[in-house]
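Student: Could you take me closely through one part of this model, the place where the two chains meet, and describe what is found there?

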Amino acid sequence: MKENPAADSIIALRDLRFAWPRGRDVLDVPLLQVARGERLFLQGPSGSGKSTLLGLLGGVLIAQHGSIEVLGQSLQKLSGSARDRFRADHIGFVFQMFNLLPYLSLIENITLPCRFSPTRAKRAQAHGGSLQDEATRLLRELGLDAAALNQRSASEISVGQQQRVAVARALIGAPEILIADEPTSALDSDTRESFLKLLFEECTRVGTTLVFVSHDLSLAPLFSRTLKLDAINRAGTFATAAAP
Amino acid sequence: MTLLPLACKSLLNRRFAALLTVLTIAVSVTLLLGVEKIRSQARDSFASTISGTDLIVGARSGAVNLLLYSIFHIGDATNNVSWQSYQEISKSPQVAWSVPISLGDSHKGFRVVGTTPEFFTRYHYGAHHELAFDSGKPFDDVYDAVIGAEVAAKLGYTLDQQIVVAHGTGSVSFVEHKDKPFRISGILARTGTPVDASVLISLQAIEAIHIDWQSGARVPGQTISADDAKKTDLTPKTVTAFLLGLKSKVATFGLQRQINDYRAEPLLAILPGIALQELWGLVGTAESALLIVSSLVVIAGLLGMLTALVTTLNERRREMAILRSVGARPRVIFGLLVLEAALLTVLGIVLGIAFLYLVLAFAQGPIETHYGILISLNAPTSRELLLIALVTAGGIFAGIVPATLAYRNSLADGLSLRL
């Protein structure tokens, strides 16, 4: 495990160990690399340390040992607010469900990252003219009619539509990385496939590297690479310990 | 600022709870500012009851007592001042003018004040306002009476109407001076002072209605008609108190000492301003208690807001995690909650002030007629602005508590969305 990370690796974790205060290690990852443009499927049952790993990648959590580099930038070396800015500039997130703020319109939800990242705001404007136009364009490409939907609040549209709006938000301003945490688990199998298709198309168009985390291995064939978290994580987890 | 629209929309999303919080704060602010406004204006109105008079002289008692019975017509004189002493002191070289006051009778609960026509020019109130006549003129004949605005309004009296004065000062009188009725010669304009509730007649009239009386009771069998009474010598033997104006203010303390050391009879001279202050000092305790109570109500209102914000924090963890995921720093979460608290407080204050002026606009009339206090709908005074600033600061300060909790939550939760 001493090999050098590939020159084009966009995420590189080395000897990463993380433990919650007064707890044992939940993560002990000797090496994890994600190449630029890759569509990585990271599989792990719940409790396998997925959320912790995402927190570390997002710079919300800091590992006690090892290094974590995103876009060549060591996250440990950044201050808390610099990590927040880094996350805002370079990483989009899509969660399992309830991704949207109910008090904002769909367009406002999509342009939300641009409030916190001038870089992404500028890129979105350069691409779409105005933030609203870019948000509308993203929605259209994800198969949603902004004009018809925007009259309704985030809680009034279907879960599948909500997830697509969340993808639009994660991709506005073309961040380098999109981290999706079980984004399809609330969808039925038909919408799941079409959602993934749209997600891939959009990631390719924007040039975003996708890290997709799920427990559902049936989706794995659609991705360019599959990693099992259990395989790369040396720390025993609750799930594996409890497994028969 | 990107936070303000977020805070507004977030509050709007919880508009019912937010409205209740705003109402709680509004009501407490209305109470606080209302108490402050009425307190300060009552004090002003109180302090402006008499002005331009340098000394008030009466029988020896206490300063507050003398002020209360001579000016406010509350309570009774302990003793009278002899006409001779009054004459002598009035003729002192320092004295510019003097106005005697003779009390002891009433008309339907309103005090009858025996005095001289100088009263109408010498009695000043507020910032040297003189008494003005709504209609008619000062008393001329012995059986003429001038009534205050409140008397006229309450009893519906008009000029030239006949009234009968009762003996004693109770509101229900059994002994009336029916044989010597008075004609209303003038009605005074409203002043907001006890003069409004007075019936003013001449000193001679006081003498005339008591001419066939002795020791507070009618002498049986001895009746002197109103016209006959007029022909007798009506020089009073005593007065209750008198007001003095001096040629030079510098002489005030000297003359006061002179009167207090007066050999012929025990007298007391007081400076109205000092006595008013002393009297307000007594009332002031209740006034501060009111202000403290209303401040506590405001604190209760802000605590209500605090509770409302804190209880929603758990269900808003998701919202915070979403904001964090799109790049909001924990301090943005902190700022968002402080801003929400500030918005609620400011809205509450604005609504509270609106309530206050609305209530005052309706209550202005009744307060003036019942208590003689004119509450003007002026812009907030500097003290009121200070109170408003304090409430705002208190609201923002209260917002720090939920903000700190949310800050800690968002540090601990990170991006994990908890249900």
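Tutor: In this predicted model, the rule finds two salt bridges across the interface of chain A and chain B. One of the pairs that form a salt bridge is B:Arg324 with A:Asp84, whose closest N and O atoms are 2.8 Å apart, and that distance lies inside the 4 Å within which such a nitrogen and a carboxyl oxygen are counted. Polar contact across the interface of chain A and chain B is found for four residue pairs, both residues of each pair being at pLDDT 80 or more. As for the elements involved on the side of chain A that touches chain B, helix H2 (80-90) and helix H3 (106-116) of chain A each supply at least two residues. By character, the residues on that side of chain A divide into 16 nonpolar, three polar and six charged.

Taking the two chains together, 25 residues of chain A are in contact with 24 residues of chain B, and the area buried between chain A and chain B is about 2,300 Å², with carbon and sulfur atoms giving 65% of it.

For chain B, one may also note a nonpolar patch on the surface, formed by B:Phe16, B:Leu19, B:Leu20 and B:Leu23, which together have about 410 Å² of accessible area; of these residues, B:Leu19 has its place in helix H2 (residues 15-47) of chain B.

Terms used. Residues are numbered from 1 along each chain as its sequence is written. Chains are lettered from A and ligands numbered from 1 in the order in which they are written. This is a predicted model: local features need pLDDT of at least 70, side-chain atom pairs count only at pLDDT 80 or more; totals for chains, interfaces and linings use all residues. Side-chain values use heavy atoms; hydrogens and water are left out. Patches are made of residues with over 30% relative accessible area and no salt bridge: like charges are joined within 9 Å, nonpolar side chains (Val, Leu, Ile, Met, Phe, Trp, Tyr) within 5 Å. Accessible areas come from the Shrake-Rupley method with a 1.4 Å probe; for residues, only the protein chains shown count as cover. A salt bridge is a side-chain nitrogen of Lys or Arg within 4 Å of a carboxyl oxygen of Asp or Glu. Helices (H or I, at least four residues) and strands (E, at least two) are DSSP runs, numbered from the N terminus. Contact means heavy atoms within 4.5 Å. Buried area is the accessible area (1.4 Å probe) that two parts lose on being put together, summed over both. A polar contact is a pair of N or O atoms within 3.5 Å; within protein, one must be able to donate a hydrogen and the other to accept it, and residues adjacent in sequence count only if both atoms are side-chain atoms. Ala, Val, Leu, Ile, Met, Phe, Trp, Tyr, Cys and Pro count as nonpolar, Asp, Glu, Lys and Arg as charged, and the others, Gly among them, as polar.
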